[in-house]
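Q: I am in my first year and would like a close look at a single part of this model, the run of paired strands and the helices that link them. Please take me through it slowly, and then show me how that part sits within the rest of the chain.

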Amino acid sequence: MDELPEAVALTPTSFRTDHRTADAEAELASLVFVLDLQAANPAVRRLRAWARDELAARPGDTAVDVGAGTGEEVQALASLVWPTGRAVGVEPHAGLRAEAQRRAAGTSATYVDGDARALPFEDGSVDVLRCERVWQHLVDPQEAADEVARVLAPGGRVAVLDTDWSTVVGRAGDPDVQRRLNESTWRRMANPFAGRHLRAQLQRAGLTVRADIGSSALVMPDEVMASPMMVDLDLRLGVEEGVVSQDEADAYRQAVVEAAQRGEGFMAVTMFAVVGDKPGSG
Ligand SMILES: C[S@@+](CC[C@H](N)C(=O)[O-])C[C@H]1O[C@@H](n2cnc3c(N)ncnc32)[C@H](O)[C@@H]1O
């Protein structure tokens with residue numbers, strides 16, 4: 001595994017648009033590193049493939065990925081809607097958008113600036129829309145659900161994928177320390193329990209949600225937990241916030257690392273994927 005860049009940024013709060021460190025280059029390197037790590041995780045790949053099948057993008061469709069990150073899912077959509085359709089990634093982070101554009105060179109995928117709360121598309125102009133792990137960053141995710149319903153064409157399909165951070169389970173370390181760290185992370189997040197609300201929010205926006213809700217538990221590989229940037233920042237912030245002592249944080253970190261080094265670690269969080277249809281014929 002590559003070394004994590006200096007400015008480690010993996011917490012659920014890292015992707016907030018109002019959260020920027022002074023060192024934009026190091027922050028971008030961290031975000032890209034973490035997104036690549038997650039994209040390589042079999043649980044993420046499985047849920048993405050499932051959602052792609054459900055959305056069934058076809059040639060001629062206009063397909064959109066909201067909060068596209070490094071943009072690979074837009075490339076996947078571009079290959080499905082080609083040659084007459086178009087695939088657009090909406091990404092407000094200029095650095096991530098540039099990285100997505102760089103990676104998509106030679107493909108028909110395009111990337112634009114924009115926000116889930118005010119999508120840069122006409123009413124009824126989008127056939128397929130996906131949005132992955134963005135709603136956890138939104139204070140009012142119902143706004144995003146309403147925007148999705150607005151831009152979808154009759155017969156259009158949407159998949160919203162997001163984590164519910166109440167589902168974190170870890171085997172190593174004091175469970176009470178883990179509980180306090182989890183609670184402190186939730187307090188820093190805009191919408192920590194995004195996953196459980198997706199169905200209701202899409203329904204309230206007027207979409208018909210399919211009965212089968214996808215899910216996948218993202219289990220962190222031991223090689224990641226053996227150098228636990230996943231927990232380091234949370235531990236630091238937990239100590240700063242006073243929810244755990246430095247001794248508790250050190251002991252927790254050591255337990256996580258040692259379990260991973262023995263090949264006995266287990267740390268997981270569950271993602272959900274809700275698929276909805278815009279009523280009307282396409
Ligand atoms: C955890 S990353 C997920 C990126 C990508 N969807 C993936 O699954 O790899 C969250 C993404 O949401 C974007 N984001 C944050 N707030 C947003 C908003 N209000 N509208 C659209 N995107 C937003 C971030 O810039 C970042 O690309």
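A: A good place to start is the unit made by strand 2, helix 4 (residues 94-103) and strand 3, which form a right-handed β-α-β arrangement. Please keep in mind throughout that this is a predicted model. The two strands of that unit, strand 2 and strand 3 (residues 110-112), run parallel and are joined by three bridges, and one pair that you can look for is Gly89, which stands opposite Tyr111 in strand 3.

Strand 2 also has a partner in strand 1, and these two pair in the parallel sense over five bridges. Within this pairing, Val66 has Val90 of strand 2 as its bridge partner. To get from strand 1 to strand 2 the chain passes through helix 3, and this β-α-β crossover is right-handed too. Strand 2 is mostly covered, since four of its five residues are buried. When you follow any of these strands with your eye, it helps to remember that in a regular strand the side chains alternate between the two faces of the sheet.

The loops around these elements hold some details of the backbone that reward a careful look. In the loop between helix 3 (72-81) and strand 2 (86-90) you will find Pro83, and the peptide bond that joins Trp82 to Pro83 is cis, with omega at about 10 degrees. Earlier in the chain, the loop between helix 2 (42-55) and strand 1 (62-66) contains Ala56, a residue other than glycine whose phi is nevertheless positive, near 45 degrees. Ala56 counts as exposed because it has 11 C-beta neighbours inside 10 Å, and a residue is called exposed when that number is 12 or fewer.

Further along the chain comes another unit of this kind, for strand 4, helix 5 and strand 5 make a right-handed β-α-β unit. Strand 4 and strand 5 (residues 152-170) run parallel and are joined by six bridges, with Arg130 standing opposite Ala159 in strand 5. The loop between strand 4 (126-132) and helix 5 (141-151) is the place of Arg133, which has a positive phi of about 55 degrees although it is not a glycine. Arg133 counts as buried because 20 C-beta neighbours lie inside 10 Å.

Helix 5 itself includes Pro141, and this residue counts as buried because it has 23 C-beta neighbours inside 10 Å. Leaving aside residues up to four places away in sequence, Pro141 touches Trp135, Asn191, Ala194, His197 and Gln201. By contrast, Pro141 and Ser108 are 33 residues apart along the chain, and their C-alpha atoms are separated by 30 Å.

Strand 5 has a further partner, and here the direction is antiparallel, with 10 bridges between strand 5 and strand 8 (residues 267-277). In this pairing Asp164 stands opposite Thr270 in strand 8. Strand 8 also holds Val269, which is buried because 21 other C-beta atoms lie within 10 Å. If residues up to four places away in sequence are not counted, Val269 touches Thr163, Trp165, Thr167, Val168 and Leu218. Arg58, on the other hand, is 211 residues from Val269 in sequence and 32 Å from it in space, C-alpha to C-alpha.

The ligand can now be added to this picture. It is surrounded by 20 residues, and the closest of them are Gly67, Gly69, His93, Ala116 and Glu132. The shell around the ligand divides into 10 nonpolar, five polar and five charged residues.

Finally, it is useful to step back to the whole protein, whose secondary structure comes to 10 helices and eight strands. Its radius of gyration is 19 Å, close to the 19 Å that the globule rule gives for 282 residues, so the protein is as compact as a globular protein of that length. Taken along the principal axes, the C-alpha atoms fill a box of roughly 60 × 40 × 35 Å, and 43% of the 282 residues count as buried. Among the contacts with a separation of 6 or more, 78% are between residues 24 or more positions apart.

Key
Residues numbered from 1 in each chain as written. Predicted model: local features only at pLDDT ≥ 70, side-chain atom pairs only at ≥ 80, totals over all residues. Near = placed C-beta within 6 Å. Nonpolar A, V, L, I, M, F, W, Y, C, P; charged D, E, K, R; others polar. Rg over C-alpha atoms; globule rule 2.2 N^0.38 Å. Contact = placed C-beta atoms within 7 Å. Pairing = 2+ DSSP bridges. Right-handed = clockwise from strand over helix to strand, strands pointing away.
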